[in-house]
Structure formats: C-alpha cells, structure tokens
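This report walks through one protein model, feature by feature. Keep the structure open while reading.

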Amino acid sequence: MTDNYPTAPSTRLIHNRRHRDAFGSPYSPVYNTTTYRFPDTEAQLDVIEARKPGYLYTRWGTNPTIQELEQGLAALEQAEAGLAFASGMAAISATILAHGQQGVVCVGDIYGGTQELLANHCQPLGIPVTFLLQADAEQLKASLTTQGMLVFCETPANPTLAILDLRAIAGIVQEKGALLAVDNTFASPINQRPLELGADLVVHSATKYLGGHSDLTAGAMMSSARLTETVAAWRKNLGQLLSPETAALLSRSLRTLPLRIRQHNENAMAVARALDGYPGVARVLYPGLPSFPGHQLAREQMNGFGGMMTIEIAGGGAAATAVADNLRIFLLATSLGGVESLVSQPAITSHHDIGAEERENRGISDSMLRFSVGLEDPADLIADLQQALDKATARDKTRP
Ligand code: PLP
C-alpha cells in the first residue's frame, strides 16, 4: 500500500509500516537500539542542526519503531500527531506539566493517580488546581480565571460511567481561552474521539484497551503538531519514553483494536441486559441501557458504549464482596481493557483511599462492583455472574 492511498483507520493500523526489511516481512523490524552511528562528524552535525532527517538518541523519541507506533496512535484519534509514553501516568503528567502551568480545572471524577498527581505534586509546585465534581457551566466559567488554563476530564467516568457533554465543555473552554484535555482510556478511540468534539488534547493509558492483553504498560497523547511539540519536550527531559520492544508489542495490539472493541461493546451490552432486573441486582450502570441517565448523551457523542459496566448489589457492601469472591471466570483484579474479564469493588480498591465521605459525594457506594467485560463467550460471562449472584443472595437469606 502506498503512503497516500486513502484508507479507513482500521486499514491504516494494519498497513502502518514505514520501514521495509530485506526479507519482505509484512511488518517493520524492531529497532532495539538506544543510539545511531554516523559515517562522520559532518553527517552527525547535519542531523543535530536539522539540515537532514535522522535519528540521534532513542530517549528523545527518535526511534523508528516508536515513531511508527506514534503514526498509528495519531491515526486512531484522527490527530495531527501522537506521542507514546512508558505509562498512562507518564502521558498525563507530561501533558499537565506542558500545558497546565497556568492552572488546571478537573471536571467530574478522574482516575485516582491523576487526582494524586494534581493534589499532591502539582499544587505544591505552585500550579493552581480546582476540582469540580459536577460539570456545571457557571462553575466552570468562574474557575477559568486566567488565559491558557487546562481543563482535564474523563468520560465515561470511573466507576459510575457518568457521561460528560464534551461539546458543551469544549465550547466554554474555547470561549475562555483555555485548553481541554480528555482522558479517553475508558471509551477507546474506536468508541469516542474527543478531538472531533472540540477537545485539544487526548490522553490514554495504553495499558488498557490499546494494549488490550494485560501484558504491557504504556501511555499515549494525541493532539495538534503545535501542542504535541511542547509535550514531547517534557517527555524527553523527564525520560518518559517506552522501550522499542513495548512499542512494537503495542503496534501489534493496535492492529486488532477495532475488532476487539466491537466485541467488548457487544459482550458488555449482553451482560448489562442480562443483569438488568436480575434478583440481587439493585442497579446496572451501563451507558448502552436506555435506563442509564447519560444514555442519550452517550448515543450522541460515542460510536459504541464500551466494555466497562458497574452494578449495585441489593444486599450492600458485604453482599457485593460475596459476589466478587464467588466469580469463577471474572478475575478479581484491578485494571481494565484486556481480553479477560475483571471485577473490582471500587470502595475497597480504586476509591478506598479517598474515604467514605468523599465516596458518598461522588455517588460511589460500598455495594458497587465494576466489571471490565472481556472477550470470553458472553453466555459464559452471564452464567458466571448469575451463579455468583445466586450464591450471594442465598447466603444473605441465611443471615438473621
Ligand atoms: N487513566 C485511567 C482512566 C486509568 O484507569 C488509568 C489506570 O488505571 C490511568 C489513566 C493510568 O494508567 P497507567 O497505569 O498506564 O499509568
């Protein structure tokens, strides 16, 4: 396939090959190198002084394997440029340090690590940080006091799956001369593309759906070429690059991303429908269910409802723990986005440290169980959940 041949992102991800080898491999070789040899000093100076293209040092981001991955990442979010990182937190911290120095306003619930970064590390560095639990237009406008501030948000949110109106937030952000960064990890670029809805920067924990097999840790940032350049400078000097081997593994995973996400969407929808109204289940929170409060908004800004789902168990926190402990296929493990289904109880895992009062403010109850619905046969997943619910309900009835 020639470089300028027009194709859909799913085709480009498969044929994203910049470096051809002598043996006709359909994929580029992995450039496992930290440095590059020059024939003489003049040739080296030509590259250092940007008269000629070339590679100097891998940590600076100049590595063919990593740059090939970055082309794929940019194509996924339909962005001008993409950067790969050693983790999702590396991508988030570089983005915040590059574009959040005038102040950061967080809208809605954000990942605990991002919350800690902002509260424990950015504020002591002198970066003003505001947390707005609700996406209230007037509060957001009032918080954007200085030109060039950064608004940061996630949708769907963890673990409530609450949906934020990205077009509405982007409108306010633009009017106030600020920038909008969206953590798109939960949705994946197949289901939602924030840049098309008015965001300026997108970040991902590529450890999740982009990697998709729970076997690599990586991050990504996609944006315009201009905004990416500043983030790349922070990545270079903070030393946040991933290894060429991990980059090659992630490129491999991206080739099946559209296919995997379609199946995650289908499986989660089937599980959500089966659990909605099932004995022992008080509430199913899944954006694809018409009963979900953000359903209409999700229909408007997403192309699919994703693989993440939360349920509330009727019997409270202890009953939820019993359901989690009785599951046989779902693994009791943190993280999400892999081929295997996972379960976690947010009140005792991801949201344990924020305390009961803060959990209540955010609508996170002890009886919530969060599922990352994987790619197993959905009938097996439903049967597993139903047997665990039946056992927990029977156990509850034996209690005085
Ligand atoms: N963003 C979200 C929504 C996450 O769930 C996570 C991790 O769970 C991160 C960012 C951080 O990603 P990583 O663990 O790859 O640093």
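## Helices H3 and H9

The axes of helix H3 (residues 64–76) and helix H9 (residues 244–254) come within 9 Å. They cross at roughly 35°. The crossing of H3 and H9 is left-handed. This is a predicted model.

Which residues of H3 and H9 make the contact? H3 supplies Thr65, Ile66, Leu69, Gly72, Leu73 and Leu76. H9 answers with Pro244, Ala247, Ala248, Leu250, Ser251 and Leu254. Sorted by class, the contact of H3 with H9 holds 9 nonpolar and 3 polar residues. No charged residue takes part in it.

## Helices H4 and H8

Two packed helices are described by the distance between their axes and by the angle between them. For helix H4 (residues 88–99) and helix H8 (residues 225–238), the axes come within 8 Å. The angle here is roughly 120°. The crossing of H4 and H8 is right-handed, whereas that of H3 and H9 is left-handed.

On the H4 side, the contact uses Ala94, Thr95, Leu97, Ala98 and His99. On the H8 side, Leu227, Thr230, Val231, Trp234 and Leu238 take part. How many of the residues in the contact of H4 with H8 are nonpolar, polar or charged? The count is 7 nonpolar, 3 polar and no charged.

## The ligand site

The ligand is surrounded by 13 residues. The closest are Met89, Asp183, Ser205, Thr207 and Lys208. Met89 falls within the residue range of H4, 88–99.

Three of the polar pairs can be checked in the viewer. At Met89, a polar backbone atom is 2.9 Å from an oxygen atom of the ligand. Thr207 uses its side chain: an N or O atom there is 2.6 Å from a ligand oxygen. The side chain of Lys208 also has an N or O atom 2.9 Å from an oxygen atom of the ligand. How much of the ligand does the protein cover? On its own, the ligand has 390 Å² of accessible area, and the protein covers 88% of that.

## The loop between S4 and H7

Now turn to the loop between strand S4 (150–154) and helix H7 (166–175), where Pro156 is found. The peptide bond from Thr155 to Pro156 is cis, with omega near -5°. Pro159 is found in the loop between S4 and H7 too. The bond leading into Pro159, from Asn158, is cis, and its omega is near -5°.

Leu161 lies in this loop between S4 and H7 as well. Its phi is near 65°, a positive value in a residue other than glycine. Why point these out? Most peptide bonds are trans, and most residues other than glycine have a negative phi.

Terms used: Residues numbered from 1 in each chain as written. Predicted model: local features only at pLDDT ≥ 70, side-chain atom pairs only at ≥ 80, totals over all residues. Heavy atoms only, no water. Axes fitted to C-alpha atoms, helices over the stretch in contact; angles between N-to-C directions. Helix = DSSP H or I, 4+ residues; strand = E, 2+ residues; numbered from the N terminus. Left-handed = near helix turned anticlockwise from the far one by under 90°. Contact = heavy atoms within 4.5 Å. Nonpolar A, V, L, I, M, F, W, Y, C, P; charged D, E, K, R; others polar. Near = heavy atom within 4 Å. Polar contact = N/O pair within 3.5 Å; in protein donor to acceptor, adjacent residues only side chain to side chain. Areas by Shrake-Rupley, 256 points an atom, 1.4 Å probe, with all protein chains shown as cover.
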